[in-house]
Amino acid sequence: VTDVSSARTMLRISGRNARHMLAHGLAIDLHRLPESTCAQTLLAQCAVTVFSDGPEWTDDDLLKVLVRSSFAAHLAQWLLLTAPEYV
C-alpha cells in the first residue's frame, strides 16, 4: 500500500457564477454535468477532475476541482486572474 493522498489538491469553487467562470477554461460543457457527478477534463491546460455537488445553475453553485499538486499553484493563479470578470 502506498499513500498518494498528497498527489492531488482540491479546490472548492462556489458562488452564483462558479460554473460560468470555470466554463471559461474548461474543455467540457458544464451544462451537461448533472448534480452529484464528476468528469475528467482540462482546465487552464491542467488535467483536472470536476465534481458537481450543488444543484445545476442555481444561485449557490458548488464545484470541487481536483488537480495534481504540482499544477495547483498555476491553476490557483488562473482562477485569481479569471474570477474578477464573473463577480
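Four strands make up an open sheet here, in the order 1-4-3-2, with antiparallel pairing. Strands are DSSP runs of E with at least two residues, numbered from the N terminus, and two of them pair if DSSP finds at least two bridges between them. Strand 1 (8–15) and strand 2 are at the edges with a single partner strand each, so each has one side without a neighbour in the sheet. On average, neighbouring strands are turned by 25° against each other, direction ignored; the axes behind that angle are lines fitted to C-alpha atoms, and angles run from 0 to 180 degrees between N-to-C directions.

Keep in mind that this is a predicted model: local features need pLDDT of at least 70, side-chain atom pairs count only at pLDDT 80 or more, and totals for chains, interfaces and linings use all residues. Residues are numbered from 1 along each chain as its sequence is written, and side-chain values use heavy atoms, leaving out hydrogens and water.

Now for the pairings. Strand 1 is joined to strand 4 (residues 61–68) by eight antiparallel bridges, and Met10 has Leu66 as its bridge partner in strand 4. Strand 2 (residues 37–43) pairs with strand 3 (residues 46–52) over seven bridges, with Cys38 partnered by Phe51. These two form a hairpin with two residues between them, and Ala44 in the turn has a positive phi of about 50°.

Finally, look at Ser52, in strand 3. Ser52 is buried (under 20% relative accessible area, exposed being over 50% and partly exposed in between, with a 1.4 Å probe and protein chains only), at a value of 0%. Its contacts (heavy atoms within 4.5 Å) include Arg19, Leu33 and Leu62, not counting residues up to four places away in sequence.
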